[in-house]
Amino acid sequence: MQTRKDILQYWEDKFLHRGLDSPRLSAQVLLAHVLNLPRLEMLLSIGDTVDAQSVMDMETLASRRISGEPVAYLVGSKEFYGFEFHVNPAVLIPRPETELMIDFLLATQDQNGQKTVLDIGTGSGTIAVSCAKLFPYFDLVASDISFEALKIAKENARIHGVQDKIAFFQGHLIEALRIRRFDIILANLPYVPATSRSSLSLEVLEHEPEIALFAGPDGLDCYRALATDLRNSVEPGAILLCEIDGSQGEAMQDIFSFCAGGVRVVQDYSGHDRVVVVVF
Ligand SMILES: C[S@@+](CC[C@H](N)C(=O)[O-])C[C@H]1O[C@@H](n2cnc3c(N)ncnc32)[C@H](O)[C@@H]1O
C-alpha cells in the first residue's frame, strides 16, 4: 500500500519534470481534494496509507494537471483574501494581486461605514463577496457581462452567507445601473493587451475565459469605455479602483484625467503599478 508521502513525492516529481508551477503545493492540493481533507490535516498524517480508489482518483486528476489544466479548476475552488471561492472554467481564477484592492479598501474605508458599492466584472464574485464579509454595511451590486460567471458569483455569495447583501446584474459595464449612484466602484476588468497573447502560458490561454482576459490591442478598451460611461453617472467624491498591469499606469491616467478630479496609481508589494485610484 502506498502512503500519502509516497504519492505526493511521485506526483511532485512528475509535475517538476513537466515544468509546472508549484509542483509540491499542487500535488498536496490535489491529494487533499481526493481525500476530502484540509491540506494541513492531510499533511499531519503523511505516513497514512491511501486506499486504491483514492490512488486512482489522484492519478486521474494529476494526469489532467500534467495536460495543463489549472489546479483551481481541477479541485473547483481557489482561496482569495482568506475565503474559499468556487470556480469553474467560466470564470477567471482569482489572482493574489487582486487582494491589493481589498487591502486598499481596508486601509481607506471605515469597516462600519455605509457605502453604495459596485463591483464591475465580478467573475466568481471574489471582490464583492470579500467586501460583503469585511464591510457589513456596504450596499453592494455585482455585475458581469457573462451569465455563466454570475451563476458562480451568486453561488459564492450563498456559500459565504452574503446573498442578501449583494444584488447581481448581467450587462455591459454600467449598463442598467446608470440610474443608481455609487460611492465606490471596483473594476477588475480584462486588461491583457491582445498583443501580449503570445506571452501568456498555454495553461491560461487554453483554460481561462477569453472574455476575462483580453481588451483590445493595448488591453485598455474596457477601461476606456468605462471612463466614457462613468463621465455623467457618478457624483463628485465617488471613487473608482481599477486593476491594471505594471505597464498601464500612465495610459490610465490619460484615460481618466478628463472626467476625474484626481487619478493616482498604487503599486503592489513588488513595486509594480497595480491599482488606479480615480476620484471624481
Ligand atoms: C479579469 S476578470 C475579473 C474577475 C473577478 N473580478 C476577479 O477579480 O477575479 C474580468 C471579468 O470581467 C467580465 N467582463 C468582461 N467584459 C465585460 C464588460 N464589457 N462588462 C462587464 N463585465 C465584463 C468578464 O466576464 C470577467 O468575469
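Strand S6 (184–187) is covered on both faces in this predicted model: Ile184 and Leu186 are buried on one side, and Ile185 and Ala187 are buried on the other. This arrangement can be read against the general pattern of strands, in which side chains alternate between the two faces of the sheet.

S6 is flanked by two partners. Strand S3 (residues 116–120) is joined to S6 by four bridges, and the two run parallel. On this side, Asp119 stands opposite Leu186. Strand S7 (residues 239–243) is likewise joined to S6 by four bridges, again in parallel. Here the residue opposite Leu186 is Leu241. Leu186 therefore belongs to the buried set of S6 and faces Asp119 of S3 as well as Leu241 of S7, with 20 or more other C-beta atoms within 10 Å of its own, as the criterion for burial requires.

S3 also pairs with strand S4 (residues 139–144), in the parallel sense and over five bridges. Within this pair, Leu118 has Val141 of S4 as its bridge partner. In general, strands of a sheet pair through backbone hydrogen bonds, either parallel or antiparallel. The pairs described belong to an open sheet of seven strands with the order S5-S4-S3-S6-S7-S9-S8, in which the pairing is mixed. S5 and strand S8 (262–267) form the edges, each pairing on one side only. From one strand to the next, the twist averages 20°.

Two non-glycine residues have a positive phi. Tyr81 has a phi of about 50° and is found in the loop between strand S1 (77–80) and strand S2 (83–86). Tyr81 counts as buried because 20 other C-beta atoms lie within 10 Å. For Leu173, phi is about 45°; this residue is found in the loop between strand S5 (166–170) and S6. Leu173 is classed as buried because it has 20 C-beta neighbours inside 10 Å.

Glu235 also lies in a loop, between helix H10 (221–230) and S7. Glu235 is exposed, because 9 other C-beta atoms lie within 10 Å and the limit for an exposed residue is 12 or fewer. Between the C-alpha atoms of Glu235 and Leu189 the separation is 22 Å, with the two positions 46 residues apart along the chain numbering.

Among the helices, H7 (residues 126–134) is mostly covered, with seven of its nine residues buried. The buried residues are Thr126, Ile127, Ala128, Val129, Ser130, Cys131 and Ala132. Two packed helices are described by the angle between their axes and the distance between the axes. For helix H1 (residues 4–17) and helix H4 (residues 52–66), the axes come within 11 Å and cross at roughly 15°. H1 is therefore roughly parallel to H4, since angles under 35 degrees count as such. The crossing of H1 and H4 is right-handed.

The ligand is surrounded by 23 residues, of which Gly121, Gly123, Ile145, Asn188 and Ala212 come nearest. By residue class, the shell around the ligand divides into 13 nonpolar, nine polar and one charged.

How values were computed
Residues are numbered from 1 along each chain as its sequence is written. This is a predicted model: local features need pLDDT of at least 70, side-chain atom pairs count only at pLDDT 80 or more; totals for chains, interfaces and linings use all residues. A residue is near a molecule or strand if its C-beta atom, placed from the backbone, lies within 6 Å of it. Ala, Val, Leu, Ile, Met, Phe, Trp, Tyr, Cys and Pro count as nonpolar, Asp, Glu, Lys and Arg as charged, and the others, Gly among them, as polar. Two strands pair if DSSP finds at least two bridges between them. Axes are lines fitted to C-alpha atoms, for helices over the stretch in contact, and angles run from 0 to 180 degrees between N-to-C directions. Angles under 35 degrees count as roughly parallel, over 145 as roughly antiparallel, 65 to 115 as roughly perpendicular and the rest as oblique. A crossing is left-handed if the near helix is turned anticlockwise from the far one by less than a right angle, and right-handed if clockwise.
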